[in-house]
Amino acid sequence: RVMFSTFLAFKPSSESLKSDAAAVAHHLVDVIGVDELVIHGESIGGMAAAGAARALTASATTTSNAQPTAKSSTLLICDRTFCNLEAVAQRLVGQWTGNAIRLLTPTWSTDVARDFLAARCPKIVANDCADEIIHNQSSLKTGLAFAGELTKGLTDGVGWVMSVPLEYRMADLDNVGVANSRMVGTSCGSGLSCPVKNPPTWPADKHVSWSESNHFAACVKRIGKLATAAKKRLRTSLSDVEEAEEGVEIAYSSGEESSRAHMSLENTMQKESETMTLIKIWNSLACCDGLCGHPLGHAVKEGFDCTVAWLCCTVVFGSRVLAEKAEIRLDKQQQQTSTTLDSLATGLGDGSHEVFLTEDFDLRPNGYQWDEDDLTRHPLPIPVVLSSLKEMTAQKNPLMEEVETELNYVIGMLEYIISRLTSKESSALSLRRRSGQEYDEEGIISTGSFLNLHCGHNNQFSLEEREKLMALIRRSCGSDTV
């Protein structure tokens, strides 16, 4: 009896929290007769909210795959919550805790991502990438991004710490390019190097594969590693020059010696120029804004799996951020034309409208230039990063040849991201999601609307964040009086 009550019948449990929340939701709808119900869950409350929304909408869903017919309109808001509890523990305590929690609580189900995807109602996921409790990798946003991009809707184990593929670990150990790893050559047979991998292209590739996302993470890490090493060498070289100049005596030198010294100086300056080009490439790439979280350089520093998560979140949720930016422009145009957001969302197929522009990628505040210095920089829009990479890649030098393969792949991936996010297909779907009109369609994972926060885990929303949340609630409920 002690063992049963300790491990199997312990309360509160994940199931008891979800069942209690579902009971309250059913009481509000069935007994009190609430017409519009907003289910909001913050942190661990997101698990109860997602479970309640799933249970409430499942009981009101018809047997068909159409829009659910419910007694009331339901809106689910998961605020700064996790994809599963094991992923949170792995980041807070250690990687071993993931399996330990499942061993100690075998009957618990803390898969918030699964319940969120299964809820047949308008949904909003709010996330702060700098959350000090729930790591960005274990957040619900990341779990949904993995499910929508890589796992085909499966959520078991998403957000867990992932190991680096062996071929990339060997390349890093040998300090060679990602295409020159010993494991890559072995996998191709005959000890030969495999053909260079090509990045995905739109619209031929609707999703990024595991292989492509891992290769992207390895390429970015390789560029950062070489750029960091080059920066250290440059600092050492400059330091040596400064020390040599201190107290130096001017002496007569012959013409031959002067010529050799001049050539040596030119070679040094040439190497410094090549080094600076690689450093500038990495500085630009590291500041690349993924639209819904940290810049790319921060993700690379966090780990290989965090870089993969950065890519998935960008392609899955980036279009929602572009939709928000586009709506600001469209609202201004609406005063001069009869075009509405709903008509754009449903009429993009005729090719007469291009909703998302490259300027929508720029999330920097007005007057950001005055806040920047040598140590402080705002994240750079993806089109700006892509343009600078192409420009600097055209400058051929021996140092750049070491990362030519990696750079070409990264450039191709950034081109894919821009093409995919600005496509008419993504534009229409993103606008429908922001209007609460997105339900599970064939081949589409229902990931809802996205709200990017900067308030931490336990702090209140800023005024701007409250206004954005209320705008999403009004649009999802189809009412201006909320």
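Pro203 sits in the loop between helix H9 (182-188) and helix H10 (210-245); helices here are DSSP runs (H or I, at least four residues) and strands are E runs of at least two, numbered from the N terminus. The peptide bond from Trp202 to Pro203 is cis, with omega near 10°. Most peptide bonds are trans, and most residues other than glycine have a negative phi. Trp202 also has company: Lys206 lies over its face, 4.5 Å from the ring centre. That label needs NZ of Lys or CZ of Arg within 6 Å of the ring centre and within 35 degrees of the ring normal.

This is a predicted model, where local features need pLDDT of at least 70, side-chain atom pairs need 80 or more, and totals for chains, interfaces and linings use all residues. Residues are numbered from 1 along each chain as its sequence is written, and side-chain values use heavy atoms, leaving out hydrogens and water.

Now for two residues other than glycine with positive phi:

| Residue | Phi | Loop |
|---|---|---|
| Ser43 | near 60° | between strand S1 (36-42) and helix H3 (45-60) |
| Arg80 | near 50° | between strand S2 (73-79) and H4 |

Arg80 is buried, at 3% relative accessibility. Buried means under 20% relative accessible area, exposed over 50%, and partly exposed in between (1.4 Å probe, protein chains only). Trp96, at 60%, counts as exposed, and its place is the loop between helix H4 (85-92) and helix H5 (97-104). As for Phe317, its relative accessible area is 0%, so it is buried; Phe450 is buried too, at 4%.
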